[in-house]
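Got the viewer open and a hand on the mouse? Let's take a walk through this one, stop by stop.

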Amino acid sequence: MNTTLHPLADDYLRRLDQAAWSLPGPDRAELLAEIRGHLQAGLTPESTDADVRNLLDELGAPEDIIAAAQATTDSAATTGIPHPTAPAAESPWGAMEILAVLGLTVGTFVVPVIGPVVGLVLAWASDRWTHREKWVATILTVLPVIVLVLGALSLVTVRSGGSDQPQPVEQHAPVVVTETGAPS
Amino acid sequence: MVTGEGTLYPLLSRLQKDGRLASTWRESDAGGPPRKYYAITAKGRRALEEFTTEWTRFQDTVDTILAKGTT
């Protein structure tokens, strides 16, 4: 940092330092030291302006170097450094998902039938939940309904089947349900 | 891919962070500024071999497709 090179090279390093503000401190210092070393190795006291300009052209624009370094920092997720926005994007809880769960739970009691149906539609419209999670939500919602219906069916069947009816009637159990269900 | 020599340094830095390169600073003989020397590591060599295999497979596939196109 302290030694001065050719004025053009110093100016280049200053531009590089300014462009490097977005890099983490150690990366910024290391990159600047390396580019400075590159310039020092390539320049002699006899270097003309044209020599310096050629050397700087070969290095490329400071912005390009910083962009390359930035890309390296961004892809550091593969080396274990978490990307700041990655966890938020992977969170399964958005407004739609919360509404879906509310519809499937509270909605069942507040607005029967419509609540869970809206909840399921929202759950399936979600782009944060996986296919598997959507099926789990659906089964958890539909399963109690199926259990209730089957329970009611068996009760009705037992009641009607408890009399001296022979077996063929049991096959018509659903028909019996609608018959006994209608008046009540 | 590499637009200027300067972009080589971030690339080297990244390879080093990945453990595919190791580097040491050494004083230069002619009294110039110290120089940084890079060397490939065992992990780097494995990565290079993997890439070479992958590349050869890719090259063969493309060659096959191009050969079919010309006949």
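## Stop 1: the largest pocket

Start by selecting Leu104(A), Thr108(A), Pro116(A), Thr141(A) and Val145(A): of the 15 residues that line the largest pocket, these lie nearest its centre. Keep in mind as you look around that this is a predicted model.

How big is the volume of the largest pocket? It comes to about 280 Å³.

Now color three helices of chain A: H6 (95-104), H8 (114-125) and H9 (131-161). Each of them supplies at least two residues of the pocket's lining. Which one gives the most? That's H9(A), with six residues.

Try coloring the lining by residue type next. You'll get twelve nonpolar residues and three polar ones, with no charged residue in the lining of this pocket.

## Stop 2: zoom out to chain A

Show chain A as a cartoon. You'll see ten helices and zero strands, so to speak an α-α-α-α-α-α-α-α-α-α run from the N terminus on. Chain A has 184 residues, and 28% of them count as buried.

Here's something about how the chain meets itself. Take the contacts in chain A with a separation of 6 or more: 56% of them are between residues 24 or more positions apart.

## Stop 3: the largest cavity

Which places count as cavities of 30 Å³ or more, and how many are there? A search of the whole structure finds three. The largest cavity has a volume of about 100 Å³.

To find the largest cavity, select its lining. From chain A, pick Leu23(A), Asp27(A), Glu30(A), Leu31(A), Glu34(A), Ala69(A), Thr72(A) and Thr73(A). From chain B, add Pro10(B), Ser13(B) and Lys17(B).

Now look at the helices around the largest cavity. H2 and H4 (62-74) of chain A, along with H1 (8-17) of chain B, each supply at least two residues of its lining. H2(A) contributes the largest share, four residues. By type, the lining of the largest cavity divides into four nonpolar, three polar and four charged residues.

## Stop 4: His38(A)

Stay with helix H2 of chain A, residues 25-42, and click on His38(A), which has its place there. Buried or exposed? His38(A) is buried, because its relative accessible area is 17% and the cut-off for buried is under 20%.

Show what His38(A) touches, leaving out residues up to four places away in sequence. You'll pick up Leu55(A) and Leu59(A) in chain A, plus Glu5(B) and Tyr9(B) in chain B.

## Stop 5: Ala22(B) and its contacts

Hop over to chain B and find strand S1 (residues 21-26), where Ala22(B) lies. With a relative accessible area of 36%, Ala22(B) is partly exposed.

Put a distance label between the C-alpha atoms of Ala22(B) and Ala39(B). These two are 17 residues apart in sequence, yet 5.3 Å apart in space. Setting aside neighbours within four places in sequence, Ala22(B) is in contact with Tyr37(B), Tyr38(B), Ala39(B) and Thr41(B).

While Tyr37(B) is on screen, add Arg26(B) as sticks. The charged end of Arg26(B) sits over the ring of Tyr37(B), 4.6 Å from the ring's centre.

## Stop 6: an aromatic cluster

Last stop: rings. A search of the whole structure finds three aromatic pairs over all chains. Select Phe51(B) and Trp55(B): their ring centres are 6.3 Å apart and their planes are at 20°, so this pair is stacked. A pair of aromatic rings is described by the distance of the centres and the angle of the planes.

Why are Phe51(B) and Trp55(B) separated by about one helical turn? Because they are four residues apart in helix H2 (residues 42-70) of chain B. Phe51(B) counts as exposed at 52% relative accessibility, while Trp55(B) is partly exposed at 44%.

Keep Trp55(B) selected and add Phe58(B). This pair is tilted, with 5.4 Å centre to centre and 40° between the planes. Both residues lie in helix H2 of chain B, three residues apart, which is about one turn of the helix. Phe58(B) counts as partly exposed, at 49% relative accessibility.

Finally, show Phe51(B), Trp55(B) and Phe58(B) together: they form one aromatic cluster.

Technical notes:
Residues are numbered from 1 along each chain as its sequence is written. Chains are lettered from A and ligands numbered from 1 in the order in which they are written. This is a predicted model: local features need pLDDT of at least 70, side-chain atom pairs count only at pLDDT 80 or more; totals for chains, interfaces and linings use all residues. Side-chain values use heavy atoms; hydrogens and water are left out. On a 1 Å grid over the protein atoms alone, a cavity is a set of points where a 1.4 Å probe fits but cannot get out, and a pocket is an open set with protein on both sides within 12 Å along at least five of seven lines; lining residues have an atom within 4 Å of a point. Grid points are joined across faces, edges and corners, and a volume is the space filled by probe spheres set on the points. Ala, Val, Leu, Ile, Met, Phe, Trp, Tyr, Cys and Pro count as nonpolar, Asp, Glu, Lys and Arg as charged, and the others, Gly among them, as polar. Rings of Phe, Tyr and Trp (its six-membered ring) pair if their centres lie within 6.5 Å; planes under 30 degrees apart count as stacked, over 60 as edge-to-face and the rest as tilted. Buried means under 20% relative accessible area, exposed over 50%, partly exposed in between (1.4 Å probe, protein chains only). A charge sits over a ring if NZ of Lys or CZ of Arg is within 6 Å of the ring centre and within 35 degrees of the ring normal. Contact means heavy atoms within 4.5 Å.
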